[in-house]
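Hi,

Here is the structure I promised to pass on. Have a look at it first, and then read my notes below.

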Amino acid sequence: MLQNSGQGNATFHHRNAALLSVAEVEAPEVLTSKDLDKRLADALKRLKLPTGLLQRVAGVKSRRNWRSDGDVRTATVDAARKAMDAAGITAQDVSMMVNTSVTREHLEPSVAVGIHHELGLPSSAMNFDITNACLGFVNAITLASSMIDAGQAKYVLIVNGEDARKVQDATVERINSLEKMVSRDDFMMEFASLTLGCGAAAAVVGPADLHPEGHRIVGGVTRAATQHHELCVGDHRGMYTDARGLLDGGLQLVMDAWEDAKAHFSWENMDSYVTHQVSQLHTSSIIKAARLDKKRVPVTYPELGNVGPASLPITLAREAANLARGARVLCMGVGSGLNTAMVELEW
């Protein structure tokens, strides 16, 4: 049920949707921030910048990479199979599959069609991409829940696979270029690209009345601040970010959504706040502004970096072992553009 459309938040209350599983596949290769510093040594010296900025400013010590180009597709399919197995369903049970990846090798067809084929999903299973920067996975949870509530879907499979290697390599090459990287400001515009990592995740959403063991999707909010759509723009060649503008605009958007949500939800004392993993600065800013208990905010960015839309489900998959039955969980995401979404789960 949608409420409060117009100015402010869009608010959703779900009646019969549950998260049945969430799974991740970790990329095998570790790329440390110290390794990146070595690759950028000459440029850092020329720009008179210190080493260790990725650790000190972003809190990112390492990120993971795939070994070859096809690995991201294989890992996404593997994550999907893990999620279906954990949910106790088969490919033939899936009525809708949504891919939420930023990573794509071509404009068409959708990334979803290849995954649909490899999983052997039935011809009746709707399949398509949702691309909304780092917010896609959370958007897909809301869409899946709404479809189940409406009786239009029974089991929805959500998948995501990210490969940041091309962006990493292009960014390092550009920073090392005397012609293209001439100032510290140029470097800082590219800084966010160096925090990106690879990974894959998947989840299954199904009817709560048939799965009392599932985790109820209570509802949530979304909110847009698209006046900031030029603050972070990326493609295979790199990601160009106004870091200060993105932090300020994103934090304002999250807090506006947080305050308006109080009319419908009570989120001040959740058992866990699972956020999109941007950096140390972004996470600490949200914790301070919303007065959250730092101990209830799990982080994966120090070891994995920013894995785009996969960051939040990967963090949730790792946090699951710490969640007791009945725990209240708030998933909080922000995507370039800017958009934010928050979804409450009853574990």
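**What I found**

A hairpin joins β11 to β12 through two residues. Keep in mind throughout that this is a predicted model. The two strands of that hairpin, β11 (residues 232-235) and β12 (residues 238-241), run antiparallel and pair over four bridges. If you want a spot to start looking, try Val233, which sits opposite Tyr240 in β12.

Next, the inside of the protein. The largest nonpolar core has 42 residues, and the members that touch the most others are Trp66, Leu119, Leu157 and Val204. Several elements each put at least two residues into this core: the strands β3 (17-26), β8 (156-162) and β9 (199-207), plus the helices α4 (71-87), α5 (111-119) and α9 (243-261). Which of them gives the most? That would be α4, with eight residues. There is also a second, separate core of 31 residues, and among its members are Ala203, Leu323, Val329 and Val343.

Now find helix α12, residues 311-319. Is it mostly enclosed or open? Seven of its nine residues are buried, so the rest of the structure largely encloses this helix. Buried here means under 20% relative accessible area. If you'd like to click through the buried ones, they are Ser311, Leu312, Pro313, Ile314, Thr315, Leu316 and Glu319.

Last, the aromatic rings. A pair of rings is described by how far apart the centres are and by the angle between the planes. Searching the whole structure turns up three aromatic pairs, and I'll walk you through a couple of them.

- Phe187 and Phe191: the ring centres are 6.2 Å apart and the planes meet at 55°, so this pair counts as tilted. Phe187 is buried, at 3% relative accessibility, and Phe191 is buried too, with a relative accessible area of 10%.
- Trp258 and Tyr273: here the centres are 6.4 Å apart and the planes are at 50°, so this pair is tilted as well. The pair links distant parts of the chain, since Trp258 belongs to helix α9 while Tyr273 belongs to strand β13 (residues 272-275), 15 residues apart. Both Trp258 and Tyr273 are buried.

You'll notice that α9 comes up twice: this helix supplies at least two residues to the largest core, and it also holds Trp258 of the second pair above.

Have fun exploring, and shout if anything is unclear!

Cheers

Key:
Residues numbered from 1 in each chain as written. Predicted model: local features only at pLDDT ≥ 70, side-chain atom pairs only at ≥ 80, totals over all residues. Heavy atoms only, no water. Core = buried A, V, L, I, M, F, W, Y, C linked by side-chain atoms within 4.5 Å. Buried < 20%, exposed > 50% of the residue type's maximum accessible area, 1.4 Å probe, protein only. Pairing = 2+ DSSP bridges. Phe/Tyr/Trp six-rings, centres within 6.5 Å; stacked < 30°, edge-to-face > 60°.
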